[in-house]
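Trainee: I would like to learn how the terms for a structure are justified. Can we go through some of them together?

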Amino acid sequence: MSGLKAKHQRLVLIVIALVAILGAGLLAAWALRNQANYFYLPDQLVEAPPAPGQPVRLGGMVAQGSIRTLSDGVTVSFVVTDQEAARVPVQFSGILPDLFVEGSGVVAEGSLNRDGVFIADNLLAKHDENYVPRELQEISQHQAARMAEETTVGLE
C-alpha cells in the first residue's frame, strides 16, 4: 500500500474493516441459526406448527387429568393447553421438576414429531406468586417470622 496516497490508504482500511465486521456478523448469525428456540403457545403450535424436529419451546398449562406415566416407567405423557380449545400432547422422559403438577404452568423445550406429539427434552415448571416451598408449608406465620429473624441475627 506504499504506492497509494494517504487518503486512499484510509479508504482501503475502512473498506477492509467494514468487510471484516460484516463477515463476523454473518459468521455469528450462521453459527447461531440452529440455536434459536422459538416460544409457542398451544394455539400457535396447532395453527402453524414448526417443521418436525425443529427445536422450539412450548408454554402453557398442564391440563387437568392429563398426566400419565407410560409402561416404561420413565416416560410421562400429558397435555399442554392455553385454557382455550388448543391442546398439544407432550411426552417427556426423565425426572420431572418438583413443581410439575396438573393445572400448573410449564415450558417444554423440544420438538414436534410427525404425529403431532411434542417430544420434550427439558421441562421447566412455573409457579404462581403464592408459591410456598414444600418444607415451609406446615409452619405457621409466627414460626416463619421467628425463623427469618433468627437467620438475620448477626448479619447486621
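**Terms and their reasons**

Mentor: Start with a polar contact: the side chains of T75 and D72 come to 2.7 Å of each other. Keep in mind that this is a predicted model.

Trainee: Why is the T75 and D72 pair called a polar contact?

Mentor: The cut-off is 3.5 Å between N or O atoms. The T75 and D72 side chains are at 2.7 Å, so the pair qualifies.

Trainee: Where is T75, and is T75 buried or exposed?

Mentor: T75 sits in strand β4. T75 has a relative accessible area of 8%. Buried means under 20%, so T75 is buried.

Trainee: Which residues touch T75, beyond those up to four places away in sequence?

Mentor: They are R68, T69, L70, Q91, F92 and S93.

Trainee: What makes S66 count as buried?

Mentor: The relative accessibility of S66 is 9%. The limit is 20%, and S66 is under it, so S66 is called buried. S66 belongs to the loop between β2 and β3 (68-69).

Trainee: Which backbone atoms does the side chain of S66 reach?

Mentor: One is the backbone oxygen of A63, at 2.7 Å from a polar side-chain atom of S66. Another is the backbone nitrogen of V79, at 3.2 Å. Both distances are within 3.5 Å, so both fit the term polar contact. Leaving out residues up to four places away in sequence, S66 also touches S77, F78, V79 and E102.

Trainee: F78 appears there. Which residues is F78 in contact with, leaving aside neighbours within four places in sequence?

Mentor: The list is V62, S66, I67, V88, P89, V90, F92, F100, V106 and L123. F78 also has a place in the largest nonpolar core, which has 19 residues. There, F78, F118 and L123 touch the most other members.

Trainee: Which elements give two or more residues to this core?

Mentor: They are β2 (56-62), β4 (75-81), β5 (87-93), β6 (105-112) and β7 (118-126). The largest share, 4 residues, comes from β7. As a general point, nonpolar side chains tend to be buried together in soluble globular proteins.

Trainee: How do you know that L112 is buried?

Mentor: L112 has a relative accessible area of 9%. That is under 20%, so L112 is buried. L112 lies in strand β6. Not counting residues up to four places away in sequence, L112 touches L45, P49, P50, P52, G53, V117 and F118.

Trainee: What separates the C-alpha atoms of L112 and P89?

Mentor: They are 9.7 Å apart, while the two residues are 23 residues apart along the chain.

Trainee: Why is V12 called partly exposed?

Mentor: V12 has a relative accessible area of 30%. Buried needs under 20% and exposed needs over 50%, so V12 falls in between. V12 is in helix α1 (residues 6-32). With L4, L13 and I16, V12 makes a nonpolar surface patch of about 330 Å².

Trainee: Now the whole chain. How many helices and strands are there, and what share of residues counts as buried?

Mentor: The protein chain has 3 helices and 7 strands. From the N terminus, the order is α-β-α-β-β-β-β-β-β-α. Of its 156 residues, 24% count as buried.

Trainee: What area does the chain expose?

Mentor: About 11,200 Å², with carbon and sulfur atoms supplying 58% of it.

Methods. Residues numbered from 1 in each chain as written. Predicted model: local features only at pLDDT ≥ 70, side-chain atom pairs only at ≥ 80, totals over all residues. Heavy atoms only, no water. Core = buried A, V, L, I, M, F, W, Y, C linked by side-chain atoms within 4.5 Å. Buried < 20%, exposed > 50% of the residue type's maximum accessible area, 1.4 Å probe, protein only. Contact = heavy atoms within 4.5 Å. Patch = residues over 30% accessible without salt bridge, like charges linked within 9 Å, V, L, I, M, F, W, Y side chains within 5 Å. Areas by Shrake-Rupley, 256 points an atom, 1.4 Å probe, with all protein chains shown as cover. Salt bridge = Lys/Arg side-chain N within 4 Å of Asp/Glu carboxyl O. Polar contact = N/O pair within 3.5 Å; in protein donor to acceptor, adjacent residues only side chain to side chain.
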